Structure formats: C-alpha cells, structure tokens
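Biologist: I would like to learn how to read a ligand site and a metal site. Where should we begin?

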Amino acid sequence: MEIAPGAFHLKGYLPIERQRAFVGSCRALIEGEVPGYVPVVRGGGKMHVRMLCLGRHWNGKTYRYEPIRSDYDQREVPPLPSAFRDLACEIAASAGMTLDADLCILNYYDADGRMGLHQDKDESERSLAAGVPVVSVSLGDTARFLFGGVRRREPVEALLLESGDAFVFGGPARLRYHGVTRIVSGTAPPELGLSGRFNLTLRQY
Ligand code: SIN
Ligand code: MN
C-alpha cells in the first residue's frame, strides 16, 4: 500500500516462521557480547528505546556514524548480519526500489517505548540525495506510527505497524518526518514469545 510517493506499507510481509527467526537473531544480538543500550542524546535526555547499531554506529551525541561506540562504551560496532542485508534488499525490491544496506539500527521498545517525530538524515549526503530507501521491519507488539511531511509542521498520518509488517520510505519520501507514539502491549503473536517490539531500520550510509 502506497502511503505517499516513495512510501510503502507492506502489511504482513514476513510470515510467522521468518518473524520467529529474526526475533531470535534480534534477541541474541541485543543481549549479546556487545549489547544494546539506552542512548543519551545531545540535550542530555534518555531515549525511550534500547538500541543496538550494526555495521555502523549512530552516535546519539553527535548524530554521526562511526565504527566505535564512542558515546557509550568505546566498543567496536558489531557487523551487519548478511541475513539482515538480504532482507533489506528483498523488501526494497518489493517496493520497486534498490537498497544495498550497510547498517541497521535495531531498537527494542518495551510497553512504554516511544520515539519522537524526527527525520532520518544522518546518512551520507549522496545516499539522501539519491533517495536510497530506509527499510523498516516490525516484530512483536504493534506500534502506533506517525508519518508526516518533509517539514515538521506538516500534518501527520497515524498508522499501526504490526508484527511482520515492513515499511519503506525512499525517493521523495526519504526525508519525511516519522515517529512512534506508543506501543500496544500484549499484541505480539504468541508464537514469538516476545513482550515488547523490535524494529529494524536498514539503511545505506
Ligand atoms: C525509527 O524511526 O528509527 C524507528 C521507527 C520505528 O520504530 O518504527
Ligand atoms: Mn527514523
């Protein structure tokens, strides 16, 4: 379903068995050797998600990408798993776009998780100018997602991102504002054994 030129909501994209496999990977990664953490951003506020970057680290203090988590624990960012890269490529193609992802921001939202309205604009100028898409994959509890215009004051549309949904925004939609107002707890498919929500955003720097 096309939400706006260049923005597609692919409902129920991932069947439950594929969701289970990705949930397993997300869990292992976020609880792994280089774990997820709650970023503290520029103004000093804590984010309302637990984050783990893969492939390139997004620094919440500088809003730049780097190979070392210099705003947190000085550890090297874990690599982007090839299954994540392949998934991004496949989903972008379903929306008629191409994406050779080299990074993923994996976020875990608990029942109180949320993310303010923002643009994804920290990737390279070249990637942004070309409108290389961001591919988002949702797993677990449903999120109330806002999708607006390229200016903050423009009206926003609210939609529900459910487990297995993909959302792609590229081309003229690449710099549209978006955010998550709330998590609808207890809505994850029981087969996942997950409370809360994982969201993967796959991007090309
Ligand atoms: C993000 O904008 O980085 C995350 C969006 C989402 O969780 O659906
Ligand atoms: Mn974003």
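Modeller: Begin with one polar contact, bearing in mind that this is a predicted model. A side-chain N or O atom of His178 lies 3.0 Å from an oxygen atom of ligand 1. The protein covers 96% of the 260 Å² of accessible area that ligand 1 has on its own.

Biologist: Which elements give two or more residues to the shell around ligand 1?

Modeller: They are strand S7 (115–118), strand S12 (178–184) and strand S13 (197–203). S13 gives the largest share, three residues. The space that ligand 1 takes is the largest pocket.

Biologist: How many nonpolar, polar and charged residues does the shell around ligand 1 have?

Modeller: There are five nonpolar, three polar and two charged residues. Among the residues around ligand 1 are Met115, Phe145, Leu161, Arg197 and Asn199. As for further polar contacts, a polar side-chain atom of Tyr109 is 2.5 Å from an oxygen atom of ligand 1, and for an N or O atom in the side chain of His118 the distance to a ligand 1 oxygen is 3.1 Å.

Biologist: What are the protein donors of the manganese ion (ligand 2)?

Modeller: A metal site is read by its donor atoms, taken here as N, O and S atoms within 2.8 Å of the metal. His118 (NE2), Asp120 (OD) and His178 (NE2) are the protein donors, lying 2.1 Å from the manganese ion. Along the chain, these donors follow the spacing H-x1-D-x57-H. His118 belongs to strand S7 and His178 to strand S12, so this pair ties together parts that are 60 residues apart in sequence.

Notes. Residues are numbered from 1 along each chain as its sequence is written. Chains are lettered from A and ligands numbered from 1 in the order in which they are written. This is a predicted model: local features need pLDDT of at least 70, side-chain atom pairs count only at pLDDT 80 or more; totals for chains, interfaces and linings use all residues. Side-chain values use heavy atoms; hydrogens and water are left out. A residue is near a molecule or strand if one of its heavy atoms lies within 4 Å of it. A polar contact is a pair of N or O atoms within 3.5 Å; within protein, one must be able to donate a hydrogen and the other to accept it, and residues adjacent in sequence count only if both atoms are side-chain atoms. Accessible areas come from the Shrake-Rupley method with a 1.4 Å probe; for residues, only the protein chains shown count as cover. On a 1 Å grid over the protein atoms alone, a cavity is a set of points where a 1.4 Å probe fits but cannot get out, and a pocket is an open set with protein on both sides within 12 Å along at least five of seven lines; lining residues have an atom within 4 Å of a point. A molecule sits in a cavity or pocket if more than half of its atoms lie within 2 Å of its grid points. Helices (H or I, at least four residues) and strands (E, at least two) are DSSP runs, numbered from the N terminus. Ala, Val, Leu, Ile, Met, Phe, Trp, Tyr, Cys and Pro count as nonpolar, Asp, Glu, Lys and Arg as charged, and the others, Gly among them, as polar. Donors are N, O and S atoms within 2.8 Å of the metal (3.2 Å for Na, K and Ca); water is not among the atoms, so sites may look incomplete.
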